[in-house]
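Let's take a walk through this structure together, one region at a time. Keep the sequence and the 3D view side by side as you read.

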Amino acid sequence: MQPIKVCCFCESWESGGIESFLCSVLCRIDPKRVQIDLVCASQRESIFTQPMKEHGIHFYELSGSQHNLPENYRRFQKLLEKRHYDVLHLNAFHGVSLYYLHLAKRAGVSIRIAHSHNTALRSSRTRPLKLFVHNLAREHFTKDATDLWACSLVAAEFLFPANKLNSFRWISNGIEVERFRFNEAERINIRHQLGLSDAFVIGNIGRLCEQKNQIFLLDVFNEAIKRNPKARLLLIGEGTQADALKQKAERLGIFDKVMFFGVSKQPEKMLWAMDAFAFPSLFEGLGIAIIEAQAAGLPIICSECIPREAYVTPLVHALPLKSGSECWAKALLSVRQEIPRADGWRQIRDADYGIDAVVQKIQESYISQLFKDGK
């Protein structure tokens, strides 16, 4: 029997949380049963690309820009004609992406999955227009999906019409749970390597961008350092706001207390090194980093914008962004260890965030309907 062919589509491919999730999932799917292509409108350098290529996953970039829609659609149609996919797994952040479902349906793709990972659009002068188009597109093109998936209820509400919400399926953003199991010896070692042995380390993992709100976090840390001179801020990630964040840290006079680490291939060690995790996102579909932080047994202060599905352990405490930087600083400096750090991973696993269970669910979804159809 020939393996089924899956097109896993993302608008962009880089080193973010969704890429981490897809890498963890797709590299565990049996290549003898499922052949996967990763298709994206634009592809940037990513720490997740090489592991996926080594697993036999092929990458196809469309125009190189998310904004060149006519060319992306034309190239996607050509790819559908050439590759003859059985499944389209569309990882969507806004309604306009759902048009790829329509193209796949016209090309005869049997299973067309719309997978929502987002809950809002970024602020901009054109946001009202984008939101209008988003709402039109989701009303018109959701019907072209055979399956609706989302990482949280609010993510489903954002991408799917109200009359479709009773049919969406929750797919947890699974992680390699045991990988994040707290290791005290490694914590001591990595803190020494980073020069943070005696510091109170406040950390954040995520793309350096408006959504993740590290701009606000710098204000928070500026207040924290006044109260605890040993406080340090560890930022893991890269993104479009990197330069702006560094400039702001310079203006605040805290640049030498902030570590811009960049992307890490060992996020678990970064989490073990931290004493408190700050997650002030403006919006999140779920927030994989917050799941990983809980698995590492790390106390977390997050914004109220984080979906309830992410509140797996007593380690998570929400605080309104409007409370201000001083209130956030006090909360981060006074975090308490609600559970032993070595126990966090077990609670995450028991809440069905283990990657193996998620992989099994997704692989079965790819395959089962095709078998019913007699493939």
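A residue is called buried under 20% relative accessible area, exposed over 50%, and partly exposed in between, using a 1.4 Å probe and protein chains only. Lys246, in helix H9 (residues 242-252), counts as partly exposed because its relative accessibility is 34%. Its C-alpha atom is separated by 45 Å from that of Ser167, 79 residues apart along the chain. Helices (H or I, at least four residues) and strands (E, at least two) are DSSP runs, numbered from the N terminus.

A word on the model itself: it is predicted, so local features need pLDDT of at least 70 and side-chain atom pairs count only at pLDDT 80 or more, while totals for chains, interfaces and linings use all residues. Residues are numbered from 1 along each chain as its sequence is written, and side-chain values use heavy atoms, with hydrogens and water left out.

Now for the sheets, where two strands pair if DSSP finds at least two bridges between them. An open sheet of 7 strands has parallel pairing and the order E3-E2-E1-E4-E5-E6-E7. Strand E3 (58-61) and strand E7 (169-170) stand at its edges with a single partner strand each, so one side of each has no neighbour in the sheet. Within this sheet, strand E5 (residues 111-116) and strand E6 (residues 147-150) pair over 4 bridges in the parallel sense, and Ser116 has Ala150 in E6 as its bridge partner.

An open sheet of 6 strands, also with parallel pairing, follows the order E10-E9-E8-E11-E12-E13. Its edges are strand E10 (258-262) and strand E13 (316-318); each has a single partner strand, so one side of each is left without a neighbour in the sheet. At one edge, strand E9 (residues 231-236) pairs with E10 over 4 parallel bridges, and Ile236 stands opposite Gly262. E10 has a covered face of Val258, Phe260 and Gly262, and an uncovered one of Met259 and Phe261. At the other edge, 3 bridges join strand E12 (residues 300-302) to E13 in parallel, with Cys302 partnered by Ala318.

Which residues of helix H13 (residues 344-353) are buried? They are Gly344, Trp345, Ile348 and Tyr353. Seen down the axis of H13, these buried residues fall within an arc of 90 degrees (taken from the directions from the helix axis to the C-beta atoms), so they line one face of the helix.

Next come the charged contacts. A salt bridge here is a side-chain nitrogen of Lys or Arg within 4 Å of a carboxyl oxygen of Asp or Glu, and the whole structure has 21 of them. In one, the side chains of Arg28 and Asp356 meet at 3.7 Å, N to O. This pair links distant parts of the chain, 328 residues apart: Arg28 is in the loop between H1 and strand E2 (34-43), and Asp356 is in helix H14 (residues 355-372). Arg28 and Asp356 also belong to a salt-bridge network with Glu176, Arg179 and Glu268.

Arg187 forms a salt bridge with Asp275, their closest N and O atoms being 2.7 Å apart. Arg187 lies in helix H7 (residues 184-194) and Asp275 in the loop between helix H10 (267-273) and strand E11 (276-279), so the pair ties together parts 88 residues apart in sequence. Both Arg187 and Asp275 are buried.
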